[in-house]
Amino acid sequence: MGALEKTIRGFVDREGNEVVKPELGTNFDSLTEAYDFYNLYSWEHGFGIRYGKNRINPDRRKTMQEIVCGCSVRI
């Protein structure tokens, strides 16, 4: 079960009206799953997100990808 499904299922047991609630230490199976999770969270709170900086190792594999607020300044 992925992180998004876990948080949606956990909504029943939580107080408050947030369906998607990020928690420290959440693990995702893919970049797409992480993006979808935070995209739903941002939609609930009235802002947008986008991909930010990334890191590529010498083998040309992506090792890090930032997901940032859509309004953040690009450097």
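Of the 75 residues of the chain, 20% count as buried (buried means under 20% relative accessible area, exposed over 50%, partly exposed in between, with a 1.4 Å probe and protein chains only). This is a predicted model in which local features need pLDDT of at least 70 and side-chain atom pairs count only at pLDDT 80 or more, while totals for chains, interfaces and linings use all residues. Residues are numbered from 1 along each chain as its sequence is written, and side-chain values use heavy atoms, with hydrogens and water left out.

**Exercise 1. Layout and confidence**

Work out how many helices and strands the chain has, and which elements have the lowest and highest mean pLDDT.

Solution. Begin with the elements: helices (H or I, at least four residues) and strands (E, at least two) are DSSP runs, numbered from the N terminus. The chain has two helices and two strands, in the order α-α-β-β from the N terminus on. Next, take the extent: the C-alpha trace spans about 45 × 30 × 15 Å along its principal axes. Then turn to pLDDT, the predictor's confidence in each residue, from 0 to 100. The chain averages 87, and 97% of the residues score at least 70. Among the elements, the lowest mean belongs to α1 (76) and the highest to β1 (95).

**Exercise 2. Two helices**

Find the angle at which α1 and α2 pack, and the residues that meet there.

Solution. Two packed helices are described by the angle between their axes and the distance between the axes. Here the axes are lines fitted to C-alpha atoms, for helices over the stretch in contact, and angles run from 0 to 180 degrees between N-to-C directions. Helix α1 (residues 3–10) packs on α2 at about 35°, and the axes are 9 Å apart. Now list the contacts (heavy atoms within 4.5 Å): A3, L4 and T7 of α1 meet E33, F37 and L40 of α2. Sorted by class, these are four nonpolar, one polar and one charged residues (Ala, Val, Leu, Ile, Met, Phe, Trp, Tyr, Cys and Pro count as nonpolar, Asp, Glu, Lys and Arg as charged, and the others, Gly among them, as polar).

Zoom in on L4 in helix α1. Not counting residues up to four places away in sequence, L4 touches V20, E33, F37 and L40. Then do the same for E33, which is found in helix α2. E33 is buried, because its relative accessible area is 14%. With the same neighbours in sequence left out, up to four places away, E33 touches G2, A3, L4 and F28. Its side chain also reaches the backbone nitrogen of D29 at 2.7 Å. That is a polar contact: a pair of N or O atoms within 3.5 Å, where, within protein, one must be able to donate a hydrogen and the other to accept it, and residues adjacent in sequence count only if both atoms are side-chain atoms.

**Exercise 3. Aromatic rings**

Count the aromatic pairs in the whole structure, then classify Y35–Y51 and F37–Y38.

Solution. A pair of aromatic rings is described by the distance of the centres and the angle of the planes. Rings of Phe, Tyr and Trp (its six-membered ring) pair if their centres lie within 6.5 Å; planes under 30 degrees apart count as stacked, over 60 as edge-to-face and the rest as tilted. A search of the whole structure gives five pairs. The Y35 and Y51 rings have centres 4.7 Å apart and planes at 35°, so this pair is tilted. Because Y35 lies in helix α2 (residues 31–45) and Y51 in strand β1 (residues 49–56), the pair ties together parts that are 16 residues apart in sequence. Y51 is partly exposed, at 39% relative accessible area.

Continue with F37 and Y38: 5.0 Å centre to centre and 80° between the planes make this pair edge-to-face. F37 is buried at 1%, whereas Y38 is partly exposed at 27%. Ring pairs also link F28, F37 and Y38 into a cluster.

**Exercise 4. The strand side**

Decide whether Q65 is buried or exposed, and trace its polar contacts.

Solution. Q65 is found in strand β2, and counts as buried because its relative accessibility is 16%. A polar atom of the Q65 side chain lies 3.0 Å from the backbone oxygen of G52. The Q65 side chain also makes a polar contact with the side chain of K62 (3.0 Å). Leaving aside neighbours within four places in sequence, Q65 is in contact with L31, Y51, G52, K53 and N54.
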